[in-house]
Amino acid sequence: CSLPKWANHSGFCRGSVYDNILSLIKKKNIKQGSNKKVSFSGTVWTQNILSLIIHEGHRNGTENMETMERIPWLEYRTENRDYAALPLPRVFATHLPYYLLPRDLRNKRGRIIYVTRNPKDVMVSYYHFSKYISTLEEIPDFNLFMERFLAGKVLASSWLDHVAGWYSHAEDFNILFVTYEEMKKDLRSAVLKICNFLGKKLSEEEVDSVVRQATFENMRKDPRANYENLPDDIVEKNKGSFLRKGIVGDWKNIMTVAQNERFDKVLTEKMKTLPIKFIWDINDEI
């Protein structure tokens with residue numbers, strides 16, 4: 001990874017992640033009841049959905065706890081917490097590639113929810129996100145940023161390699177694939193799909209509550225879901241918010257025809273062997 005604020009661990013560009021933490025993660029023993037969610041975009045959205053599904057106190061408003069406290073990040077340990085001591089079911093968020101996750105996950109001892117989003121919207125979202133997060137390098141020239149993105153010289157490395165890696169090794173894990181676009185088009189069905197995968201039975205009223213609170217519009221109003229309490233040395237609060245637009249097809253508002261063609265050429269070459277259908281517009285069929 002060539003960006004100056006980041007370092008490299010096993011081909012994975014990361015920010016404030018320590019090598020010893022990643023080494024411990026790979027060796028970590030996984031107990032039944034542990035869940036992971038992995039994604040490149042839509043992570044915070046899914047993090048909130050899972051918290052609402054699993055924690056009644058979040059769902060009914062009787063508990064006020066930061067989302068990152070309920071569902072901590074594997075690779076961004078903000079405080080010295082013993083993850084093994086967390087109550088079951090333990091749920092973690094991560095952007096890690098498949099080969100850096102705990103080895104026991106390959107024995108299908110935990111559940112993984114993998115969220116994908118069409119890569120052009122991922123790129124545009126990350127372009128704006130890098131302006132908001134002060135610890136990331138901001139690249140004003142979008143064309144240069146796109147080339148960095150396609151080359152994997154961004155935080156969490158190559159989106160193309162990340163998605164290809166997880167899809168090509170899916171049979172090694174107990175994994176559910178969900179797309180950002182299906183969540184946007186039919187959030188209730190996505191919530192029910194996740195509940196079924198987790199073996200979590202909610203009443204109709206409880207599902208209604210999850211869906212209502214997990215709409216992008218309502219999440220933006222929730223300081224916990226919108227990560228509004230991040231310290232000032234991490235975010236530039238005058239440059240936006242953690243959750244920005246949350247729409248499908250925003251790439252059309254910034255990419256030129258030439259950039260789109262360049263992107264398609266690289267994407268086609270990388271993804272030609274994988275059975276992935278991308279949704280580029282909210283009106284596209286899933």
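1. Helix α5 covers residues 119–132, which is 14 residues. From its first C-alpha to its last it reaches 20 Å, close to the 20 Å expected at 1.5 Å a residue. Note that the model is predicted.

2. How many of the residues of α5 are buried? Ten of the 14 are, so the helix is largely enclosed by the rest of the structure. The buried ones are P119, K120, D121, V122, M123, V124, Y126, Y127, S130 and Y132. Both charged and tyrosine side chains can be found by name in that list, for example K120 and Y126.

3. What do the buried residues of α5 pack against? Their partners are three helices: α6 (142–151), α7 (159–168) and α12 (257–271). At the N-terminal end of α5, N118 acts as a cap. One of its side-chain oxygens lies 3.1 Å from the backbone nitrogen of K120, and K120 is itself on the list of buried residues.

4. Some figures for the whole protein chain follow. The chain has twelve helices and six strands. Of its 286 residues, 53% are buried. Taking contacts between residues at least 6 apart in sequence, 72% join residues at least 24 apart. The chain exposes about 13,400 Å², and carbon and sulfur atoms supply 49% of that area.

5. Helices α2 (residues 43–54) and α9 (residues 187–198) form a pair worth checking in the viewer. Two packed helices are described by the angle between their axes and the distance between the axes. Here the axes come within 11 Å and cross at roughly 60°. The crossing of α2 past α9 is right-handed.

6. Which residues meet where α2 and α9 come together? From α2 they are W45, I49, L50, I53 and I54. From α9 they are L187, V191, I194, C195 and L198. An α-helix has 3.6 residues a turn, so residues three or four places apart point the same way.

7. I53 belongs to α2 and counts as buried because its relative accessibility is 0%. Leaving out residues up to four places away in sequence, I53 touches R59, V191, I194, C195, L198, K200, L202 and V210. Along the chain, I53 and L198 are 145 residues apart, yet their C-alpha atoms are separated by 9.6 Å.

8. S51 also lies in α2. Is S51 buried or exposed? Its relative accessibility is 0%, so S51 counts as buried. Beyond its neighbours within four places in sequence, S51 is in contact with H58, R70 and I71.

9. Helix α10 (residues 204–213) has V207, S209, V210 and V211 buried. The cover over the buried residues of α10 includes α2, α3 (56–59) and α9. One link between α10 and α2 can be named: V210 is among the residues that I53 touches.

10. E182 sits in helix α8 (residues 180–185). Why does E182 count as buried? Its relative accessibility is 15%, and the cut-off for buried is under 20%. The E182 side chain reaches the backbone nitrogen of T179 at 2.9 Å. Setting aside neighbours within four places in sequence, E182 is in contact with F177, L187, K193 and I286. Of these, L187 also appears among the α9 residues that meet α2.

Conventions. Residues numbered from 1 in each chain as written. Predicted model: local features only at pLDDT ≥ 70, side-chain atom pairs only at ≥ 80, totals over all residues. Heavy atoms only, no water. Helix = DSSP H or I, 4+ residues; strand = E, 2+ residues; numbered from the N terminus. Expected span 1.5 Å × (residues − 1). Buried < 20%, exposed > 50% of the residue type's maximum accessible area, 1.4 Å probe, protein only. Contact = heavy atoms within 4.5 Å. Polar contact = N/O pair within 3.5 Å; in protein donor to acceptor, adjacent residues only side chain to side chain. Areas by Shrake-Rupley, 256 points an atom, 1.4 Å probe, with all protein chains shown as cover. Axes fitted to C-alpha atoms, helices over the stretch in contact; angles between N-to-C directions. Left-handed = near helix turned anticlockwise from the far one by under 90°.
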